[in-house]
Protein chains: 2
Amino acid sequence: MSEEMIAAKEAMLYSQRIAQLSKALWKAVEKDWQAWIKPYRLNINEHHVLLIANNLKGASISDIAKFGVMHVSTAFNFSKNLEERGLLSFSKRDNDKRNTYVELTEKGHELLLELYGNFNHSRHTVIDGSIPLRELYGEFPQFFELIALIRNIYGDDFMEIFEVSLKKMED
Amino acid sequence: MSEEMIAAKEAMLYSQRIAQLSKALWKAVEKDWQAWIKPYRLNINEHHVLLIANNLKGASISDIAKFGVMHVSTAFNFSKNLEERGLLSFSKRDNDKRNTYVELTEKGHELLLELYGNFNHSRHTVIDGSIPLRELYGEFPQFFELIALIRNIYGDDFMEIFEVSLKKMED
């Protein structure tokens, strides 16, 4: 095989490997996430919108789409549902009439707190599956390679918001 | 905060971290995968079924579901579509009348080969995003922590099939 063919084969195998790992991981994450939020009549995208609105004070719909990795129309539709339930409020800005901004209402904030309080009451296969690594490392795994990859795909500002959000949740 | 509360908080933060990373990764993988197979009128699950049928000679529908991380009904429905297109054949076994087994047809096999041949003609954001790591390490990243986690969640046989499949694809 030529150098070029070897490189193409290597890339394809790598791509298949990460595709399968990623699918398996996401399906486990998705199940855990759904189990956690199910009693609150939320789907994953709706919960994600609430989290982003809470973390990015005064987020626009396009911020929600970007940081929630969803289409703008998806971000808008789910935000609309949440607004109708009184969990989010919509606003325009004087200096920016084109974009819609969302903010968590008091009721939305209370719902998020309640969700955190109930975190331990659902099954968490991903946490359980990470315990052996935690025992080995003394802390949960960091997935640095994965973070580097996500940074390369989505850009520095995506990762910055990601880190700020987690920091905020911690506080 | 008590020890227990600190542990609960740590677990929740970790869970949020991995949920967001996993969603971002899967969305990128999904887009690349869809772009690759789009010209062949396949969706991701259908392509995944073909790959598993090719890798596990004589796979049952429940094998497809397990290794494809999909519901049994999803695995069955997509397999049925593929059978109708002449890409898979169904069979029963004399010693096991309850399970349905699937096998790639000649046409299915040709389609897979054609797909591999066309791999380079679509956009691959995940590969592109991995190039800086490849330059740093001299090879694509291995994601050992992720593999350990998937192994803990899905079991040893899942990972064994995963490795065998990639090995087979390599040959």
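Q: How many salt bridges does the rule count over all chains?
A: The count comes to twelve over all chains, a salt bridge being a side-chain nitrogen of Lys or Arg within 4 Å of a carboxyl oxygen of Asp or Glu. This is a predicted model, in which local features need pLDDT of at least 70 and side-chain atom pairs count only at pLDDT 80 or more, whereas totals for chains, interfaces and linings use all residues. Residues are numbered from 1 along each chain as its sequence is written, chains are lettered from A and ligands numbered from 1 in the order in which they are written, and side-chain values use heavy atoms, with hydrogens and water left out.

Q: And how many salt bridges are found across the interface of chain A and chain B?
A: The rule finds four there. One of them joins A:Glu10 to B:Arg134, with 2.7 Å between the closest N and O atoms. This pair crosses between chains, from helix 1 of chain A to helix 6 (residues 125-137) of chain B; helices here are DSSP runs of H or I, at least four residues, numbered from the N terminus.

Q: Is A:Glu10 buried or partly exposed?
A: A:Glu10 counts as partly exposed, at 26% relative accessibility. Its partner B:Arg134 is also partly exposed, with a relative accessible area of 29%. Buried means under 20% relative accessible area, exposed over 50%, and partly exposed in between (1.4 Å probe, protein chains only).

Q: Which residue does B:Glu163 meet in a salt bridge?
A: The side chain of B:Glu163 meets that of A:Arg17, at 3.2 Å from N to O. The pair runs from helix 8 (residues 156-170) of chain B to helix 1 of chain A. B:Glu163 is partly exposed at 31%, while A:Arg17 counts as buried at 19%. With the chains exchanged, B:Arg17 and A:Glu163 form a salt bridge, at 3.2 Å from N to O.

Q: Where do A:Lys66 and A:Asp157 sit?
A: A:Lys66 is in helix 3 (residues 61-67) and A:Asp157 in helix 8 of chain A, 91 residues apart. Their side chains meet in a salt bridge of 2.5 Å, N to O. A:Lys66 is partly exposed at 37% relative accessibility, as is A:Asp157 at 36%.

Q: Turning to the interface: how many residues does the contact take from each chain?
A: The contact takes 64 residues from chain A and 64 residues from chain B, contact meaning heavy atoms within 4.5 Å. The area buried between the chains is about 6400 Å², of which carbon and sulfur atoms give 71%. Buried area is the accessible area (1.4 Å probe) that two parts lose on being put together, summed over both. In chain A, the residues losing the most area to chain B are A:Tyr14, A:Lys23 and A:Glu145, together 11% of what that side buries.

Q: What does A:Ser15 touch?
A: Not counting residues up to four places away in sequence, A:Ser15 touches B:Phe119 and B:Ile127. A:Ser15 lies in helix 1 (residues 3-37) of chain A and is buried, with a relative accessible area of 15%.

Q: What turn lays chain A on chain B?
A: A turn of 180°, with a shift of 0.0 Å along the axis, gives an RMSD of 0.0 Å. That is the relation of a two-fold axis. Copies are superposed by least squares on the C-alpha atoms of residues with pLDDT of at least 70 in both. Of the interface residues of chain A, 100% are also interface residues in chain B, so the copies meet through the same surface.

Methods:
Helix = DSSP H or I, 4+ residues; strand = E, 2+ residues; numbered from the N terminus.
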